[in-house]
Amino acid sequence: QLLENSFNTNGLECSILDILIDYFRATFKELELSDIIEYLGLENLNWLEGKPRDGWSQHDYFNGIHLYSCGREDVGIELSGVGCRTLESVNGLSFDWLALFRWVVDLGDHANVSRLDVAGDEKDGILDFSTMVKHTRLGKYISKARKRIWIDGDEREIMWGASSSSTRLRIYDKALERGVDGHWIRAEFQFRDEAADSFIANYLSFGDIGLTYGGVLLNYLRYTTKAPNPEKSHNYDALNTAKWWDKFVGTSQKIHNVTVGGLPYNLQSLEDFISTQCASSIRAFIEVSSVDRLLDIVKHTPYSSKQKQLLNSLGVVVDA
């Protein structure tokens, strides 16, 4: 069923929220692995051989992207969070997640998405982790999850839903996890099987990741100004939503597309790009020409903005 729109931000100003696809796992029947590689633009990667898994005898991987084949009637692909960013990076930060989901749905019974993680990153101070823990502890919420666990110490996270459930929500301090300064709270859904299908169907229907993410979030968890009375469960809808949660959910409505951030751009990622994307072309050119000719060509090529930022951060003076 499609989500019912029940957003109400009460006129609150909403800042920008990053919504990312952070995990994707699917299997395909009657398709060659080469078809999937070509569709995803992964032809030029230097694949490494991994261990057999889940009945597949062939396992190839590269920087969070895993491909499985042979030994079963289907083939599989698995993208970790890093794998999702790698996929975006090798496609020039223009990868279309909505098109991928539409392709998967069009394949019908020949494709099955067994897991999909969708994360919302809040970096503007809308959510206060201690406040969320307090509301959780005092029962000031309405949630479809029967189980919740919270940790507020060296790690800071609130987990909604059992590990075996088809929908699970993890809200955690991403800045603390990464060891970086600043405010960064992530609210990440983990969908399995039918729940993943449902999210994708709603996303394709709305064509808007913000409405889809926000609708699922509000339907799954709503922090309220006071704890509900179990004896008056029919009045749950009348409970006021906490303003900060209203603002957070309202923020997501303003997002039309999945944020395609790709991998962090630094010296290592630059080296990785050269080694995986153009090293063979450079080698072939040097074989038939010379290093001096290569340097003569590249010395007149302008830097991109992110390349300038990288060089400046490394203390290299860039000529105008």
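**Close-up views of a predicted model**

**View 1. A salt bridge joins Glu78 and Arg53.** In this predicted model, the side chains of Glu78 and Arg53 meet with a nitrogen-to-oxygen distance of 2.7 Å. The pair links distant parts of the chain, its two residues being 25 residues apart. Glu78 belongs to strand 5, which covers residues 74-79. Arg53 lies in the loop between strand 2 (48-49) and strand 3 (58-62). Glu78 counts as buried, with a relative accessibility of 5%, whereas Arg53 is partly exposed at 32%. The bridge therefore has one buried partner, Glu78, and one partly exposed partner, Arg53.

**View 2. Arg72 and Asp74 form a salt bridge.** The closest N and O atoms of Arg72 and Asp74 are 2.9 Å apart. Arg72 is partly exposed, with a relative accessible area of 35%. Asp74 is buried, and its relative accessible area is 9%. Elsewhere, Asp22, Arg85, Glu88, Asp121 and Arg186 are joined into one network by salt bridges that share partners.

**View 3. Arg115 and Asp117 meet in a salt bridge.** The nitrogen-to-oxygen distance between the side chains of Arg115 and Asp117 is 2.8 Å. Both Arg115 and Asp117 are buried. The structure as a whole holds 17 salt bridges.

**View 4. Helix 3 crosses helix 6.** Two packed helices are described by the angle between their axes and the distance between the axes. Here the partners are helix 3 (residues 97-106) and helix 6 (residues 194-206). Their axes come within 10 Å and cross at roughly 115°. The crossing of helix 3 with helix 6 is left-handed. On the side of helix 3, the residues that meet helix 6 are Leu98, Phe101, Arg102 and Val105. On the side of helix 6, Ile200, Tyr203 and Leu204 take part. Sorted by class, this contact has six nonpolar residues, one charged residue and no polar residues.

**View 5. Asp208 lies in the loop between helix 6 and helix 7.** Helix 7 spans residues 209-220. With a relative accessible area of 8%, Asp208 is buried. The C-alpha atoms of Asp208 and Leu98 are separated by 9.2 Å, although the two residues are 110 residues apart along the chain. Leu98 also appears in the preceding view, as one of the helix 3 residues that meet helix 6.

**View 6. Cys70 has a positive phi.** Most residues other than glycine have a negative phi. Cys70, which is not a glycine, has a phi of about 70°. Cys70 is placed in the loop between strand 4 (65-69) and strand 5. At 45% relative accessibility, Cys70 counts as partly exposed.

**View 7. Asp193 also has a positive phi.** The phi of Asp193 is near 50°, in a residue other than glycine. Asp193 is found in the loop between strand 11 (185-192) and helix 6. Its relative accessibility is 35%, and Asp193 therefore counts as partly exposed.

**View 8. Leu294 of helix 10 is in contact with Ile282, Phe285 and Ile286.** Helix 10 comprises residues 291-298. The contacts of Leu294 with Ile282, Phe285 and Ile286 are those found when its neighbours within four places in sequence are left aside. Leu294 and Ile282 are twelve residues apart along the chain, and their C-alpha atoms are separated by 8.3 Å.

**View 9. The chain as a setting for the close-ups.** The secondary structure comprises eleven helices and twelve strands. Of the 320 residues in the chain, 42% are buried. Among contacts with a separation of 6 or more, 65% are between residues 24 or more positions apart. The accessible surface comes to about 17,700 Å², and carbon and sulfur atoms account for 48% of that surface.

Key:
Residues are numbered from 1 along each chain as its sequence is written. This is a predicted model: local features need pLDDT of at least 70, side-chain atom pairs count only at pLDDT 80 or more; totals for chains, interfaces and linings use all residues. Side-chain values use heavy atoms; hydrogens and water are left out. Helices (H or I, at least four residues) and strands (E, at least two) are DSSP runs, numbered from the N terminus. Buried means under 20% relative accessible area, exposed over 50%, partly exposed in between (1.4 Å probe, protein chains only). Contact means heavy atoms within 4.5 Å. Accessible areas come from the Shrake-Rupley method with a 1.4 Å probe; for residues, only the protein chains shown count as cover. A salt bridge is a side-chain nitrogen of Lys or Arg within 4 Å of a carboxyl oxygen of Asp or Glu. Axes are lines fitted to C-alpha atoms, for helices over the stretch in contact, and angles run from 0 to 180 degrees between N-to-C directions. A crossing is left-handed if the near helix is turned anticlockwise from the far one by less than a right angle, and right-handed if clockwise. Ala, Val, Leu, Ile, Met, Phe, Trp, Tyr, Cys and Pro count as nonpolar, Asp, Glu, Lys and Arg as charged, and the others, Gly among them, as polar.
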